[in-house]
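User: I've got this model open and I'd like to go through the labels one by one. Can you tell me what backs each of them?

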Amino acid sequence: MVASGSRQAAPAIELRGLSHSYNSHPVLRDINLVIDHGEIFGFLGHNGAGKTTTISILTSLLRPTSGEARVCGFDVVSERLDVTRNIGYLPDSVRLYDHLTGAENLEFFGKLSGIPKPLEAARETLRLLDCESYANQRVGSYSTGMRQRVAIAQAVMHRPKVLFLDEPTTGLDPSGVRQLRDIVKLMNEQLGMTIFMNTHLLSEVARVCTTIGVLNQGELIYKDTIENTTMRFRDEASLEEIYLRMEDRSA
Amino acid sequence: MITLIAAHQLRMLRRERLFLAILIALLLMTALAGFIGWSSHNTIVKVYEESSAMLASEGKPAPPDPFALKPPLSFLSNMTIYIMLIGALLAIIVGHLAIASDRASGSTRLIFARPVRRSTWFIGKLAGVGSALAIVLAASYVLSIISLVIVNDSLPTAEEFGRLALFYLVSLSYMLLFALVGVAAALIVHGRSLALLVALGIWMIVTFMVPQFTSGLRPTASLNPVVNPVDTSQRFFDVTSHFHSVSISELYRDLSAAILQSAPAQSDSVGSSEIVPISAILIVLVLLMAVLVNRLDLSEQASHE
């Protein structure tokens, strides 16, 4: 499709000494992180920990104060267009265009991504996400779950190499959360996407992610695979306990 | 990409109720301007014919037909007022929606997480706004021609077609000014309602307040039968007289009057003295917009207004 080639042997995501401040208030401190292609990375942290800021930098929407961030080998500041050709992004609380139908919204975003036949791609993606039936309804009439599916469709319709999901389960009911989990797995297994997911739902991280990172007050305090994490903290009954313990240690 | 963003803008506007309501009001007023012209024409002709017949029965010569002295386009002089009021409002709405709908829905993040440059987005938005206003004024132009045909009972001449087109071109520039005010307010002010209020406040100042400091003070002196009721040689009037060159609504009104020949030209220089300030303000506003777009926080979240 339209995703441009990544740099040879470059990891999907690479952060080196990344820091960011808002009005001299530090939100990210010296983050170093490498995520390989094909991973589903769960980025955990409390509200205000800096998760959304990290995604904003990785999607080239925000310039970091210092340090370096690369996606598919491209620098997020100096090679913004190359980065954005390789990514899909689902922000939290996105509302899309209420006056347009789901298909029209996707057609517009598909054209912006440079898809040759955007309407066909939109319908194919909606079919893949099992929501083709409401393609012709205006987004303003959608439920939260329907809206979220169409928002996911806009993020994946151009088949990006790396998909960023920012709190994708916000506002979804339990069945919506389960459907989202299936979608994430589908994108990873069938389409080979690397997925970077901000979340605070530990149960979802345990079920979906291959690797986790924990951000606490702007610092990356932990990063490892799910298997290694459960091995290392085998005394803990659940991921929630592990997470709380890591935070306690950091504090 | 610019065309895509502009076309998207037009598609959004087509479904925006507020825009459609004001558009319908403007077109109705255009038709009304024609109707008022037609109605006053009929009344005056009727009175003229009755007077002529009465004078003829008394063996007196009839005065010349008043309409023979009146330029045909002057029937549309009310259009100037409608553009200043409804047209400018419509332009503010179009400019406001171009930016505010993206910001409020959080779509700017979706757009700029794609290979889209800020400049492309901005030029596309301006092209969309300009096209929307051009389409509105084209419809109004056609309605005006129909009104002229009805009032004058003949097709306008090539010169009249040209003058009317020029009037609408000037009106487009005037409306673009207000569209840019709507764009600027939506870029600077984050709250959607507040941004619209700010733009409307500027419209009120330009349309109603500034003219009060310029010509609004002087007609009292010129219309009052008492000789020199106000001494306009005072320093106060010296200062306020300089405001005329920045009173955009008055510049537009004077230029329109000269084009439609609805008022005698104030001076030989009518044209450049109005076009230069209007163009200068347009250019300054576009440059200001470019700076604002460059500083726009692309990572901002959707507002829940």
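User: What makes β1(A) and β4(A) a pair of strands?

Analyst: This is a predicted model, so everything here is computed from predicted coordinates. Pairing takes at least two bridges. Strand β1 (residues 13–22) and strand β4 (residues 66–71) of chain A share 5 bridges in the antiparallel sense, so they qualify under the cut-off of at least two. One of the bridge partners is easy to find: L15(A) has A69(A) as its partner in β4(A).

User: How do you know that β4(A) and β5(A) pair?

Analyst: Strand β5 covers residues 74–75 of chain A, and its antiparallel pairing with β4(A) has 2 bridges. The rule asks for at least two, so this pair passes. Look at R70(A), which stands opposite D75(A) in β5(A). The hairpin of β4(A) and β5(A) leaves 2 residues between the strands, and C72(A) takes a positive phi near 55° there.

User: Why are β2 and β5 of chain A said to stand at the edges?

Analyst: The open sheet has 4 strands in the order β2-β1-β4-β5 (chain A), with antiparallel pairing. β2 (25–35) and β5 of chain A each have a single partner strand, so one side of each is left without a neighbour in the sheet. Packed on this sheet is α1(A), which touches β1, β2 and β4 of chain A and makes about 120° with the direction of β1(A).

User: And the other sheet: which strands are at its edges?

Analyst: That one is an open sheet of 6 strands with mixed pairing, ordered β6-β7-β8-β3-β9-β10 (chain A). β6 (87–90) and β10 (219–225) of chain A have a single partner strand each, so each keeps one side without a neighbour. From one strand to the next, the twist averages 15°.

User: What makes β7(A) and β8(A) a pair?

Analyst: Strand β7 (residues 162–166) and strand β8 (residues 194–199) of chain A run parallel, with 5 bridges. Again the requirement is at least two, so they count as paired. V162(A) stands opposite T194(A) in β8(A). Helix α1 (residues 51–58) of chain A lies across β3 (40–44), β6, β7, β8 and β9 (211–216) of chain A, at about 150° to β8(A). Helix α5 (residues 144–156) of chain A also packs on the sheet, touching β6 and β7 of chain A, and its direction makes about 165° with that of β6(A).

User: Moving to the two chains, how many residues does each give to the contact?

Analyst: Chain B gives 30 residues and chain A gives 32. About 2,900 Å² is buried between them, with carbon and sulfur atoms giving 58% of that area. R15(B), L110(B) and R114(B) supply 24% of what chain B buries against chain A, more than any other three residues.

User: Why is D92(A) with R109(B) called a salt bridge?

Analyst: The side chains meet at 3.7 Å, N to O. The limit is 4 Å between a side-chain nitrogen of Lys or Arg and a carboxyl oxygen of Asp or Glu, so the name fits. The count between chain B and chain A is 3 salt bridges. On the side of chain B that touches chain A, the elements giving two or more residues are α1 (2–14), α4 (78–105) and α5 (107–112) of chain B. The residues on that side of chain B divide into 13 nonpolar, 8 polar and 9 charged.

Note on methods:
Residues are numbered from 1 along each chain as its sequence is written. Chains are lettered from A and ligands numbered from 1 in the order in which they are written. This is a predicted model: local features need pLDDT of at least 70, side-chain atom pairs count only at pLDDT 80 or more; totals for chains, interfaces and linings use all residues. Side-chain values use heavy atoms; hydrogens and water are left out. Contact means heavy atoms within 4.5 Å. Buried area is the accessible area (1.4 Å probe) that two parts lose on being put together, summed over both. Ala, Val, Leu, Ile, Met, Phe, Trp, Tyr, Cys and Pro count as nonpolar, Asp, Glu, Lys and Arg as charged, and the others, Gly among them, as polar. Axes are lines fitted to C-alpha atoms, for helices over the stretch in contact, and angles run from 0 to 180 degrees between N-to-C directions.
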